[in-house]
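Work through the exercises below with the sequence and the model side by side. Try each task before reading its solution.

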Amino acid sequence: MKLTLYAVGSKMPAWVSQGFAEYSRRFPRDLSFNLVEIPAGKRGKNADITRILAKEGELLLAAIPKGNRIVTLEVEGQPWTTPKLAKQLESWQLDGRDVALLVGGPEGLAPACIKASEQKWSLSALTLPHPMVRILIAESLYRAWSVNTNHPYHRE
């Protein structure tokens, strides 16, 4: 199974790229974790946010291979503890489909993305900076994997 994070935005600070890379490289070959960046729409003074969101949503959905389970990251989603996320990860692995995790831009995800999702996951009731979310997702999923495989990382 493959986990792929589809995220709006492509010009991240070096610490974000390094943090994401650190966790994604730790995943085993049979559970790879990758990142696909979708360019953010231009936001200016009089930007048409509805149109920008719709375009970002189109690009996100077009990038996802057919048959993937779509999980959106949203404030209104389900908050999962580490044990619950470990169970979710195990369930996804048993399902056999690849998992596409979607993170929107500054205004969130397009309604089309939310409609296409099978699950909605909330990292926090707080609004988090989108660059930091990438690292939090990678670490959380790696920790969930470590719980499921009895890897020492979770006990550190």
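**Exercise 1.** Against which elements do the buried residues of α1 pack?

*Solution.* Before starting, note that this is a predicted model, in which local features need pLDDT of at least 70 and side-chain atom pairs count only at pLDDT 80 or more, while totals for chains, interfaces and linings use all residues. Residues are numbered from 1 along each chain as its sequence is written, and side-chain values use heavy atoms, with hydrogens and water left out.

Step one is to find the helix: α1 covers residues 14-24, and Val16, Gly19, Phe20, Tyr23 and Ser24 are buried in it. Here buried means under 20% relative accessible area, exposed means over 50%, and partly exposed is in between (1.4 Å probe, protein chains only). Helices (H or I, at least four residues) and strands (E, at least two) are DSSP runs, numbered from the N terminus.

Step two is to look down the axis of α1, where the buried residues fall within an arc of 125°, so they line one face of the helix; the arc is that of the directions from the helix axis to the C-beta atoms. On the other side of α1, Ala14 and Gln18 are exposed.

Step three gives the result: the buried residues of α1 pack against β1 (2-8), β2 (32-38) and α5 (130-148), where contact means heavy atoms within 4.5 Å.

**Exercise 2.** Describe how β4 pairs with other strands, and decide whether its residues are buried or exposed.

*Solution.* Two strands pair if DSSP finds at least two bridges between them. Strand β4 (residues 99-103) runs parallel to β3, to which 4 bridges join it, and β1 and β4 also pair in the parallel sense, over 5 bridges. Leu102 of β4 is the bridge partner of Thr72, and Leu102 is likewise the bridge partner of Tyr6.

Turning to burial, 5 of the 5 residues of β4 are buried. Both faces are covered, with Val99, Leu101 and Val103 on one side and Ala100 and Leu102 on the other.

Finally, β3, helix α3 (residues 82-95) and β4 make a right-handed β-α-β unit, which means that, with the strands pointing away from the viewer, the path from the first strand over the helix to the second runs clockwise.

**Exercise 3.** Compare the surroundings of Leu73 and Thr127, two residues included in the UniProt annotation "binding site".

*Solution.* The annotation comes from an unreviewed entry and also includes Gly104 and Ser124; such annotations may be inferred rather than shown by experiment, positions are given in the numbering used here, and feature names are shortened.

Leu73 is found in strand β3 (residues 69-79) and is buried, with a relative accessible area of 13%. Among the residues that Leu73 touches, not counting those up to four places away in sequence, are Leu101, Val103 and Trp121.

Thr127, by contrast, is found in the loop between β5 (119-122) and α5, and at 73% relative accessibility Thr127 counts as exposed.

**Exercise 4.** What is the phi of asparagine 150?

*Solution.* Asparagine 150 lies in the segment after α5 and is exposed, with a relative accessible area of 57%. Its phi is positive, about 60°, although asparagine 150 is not a glycine. As a general rule, most residues other than glycine have a negative phi.
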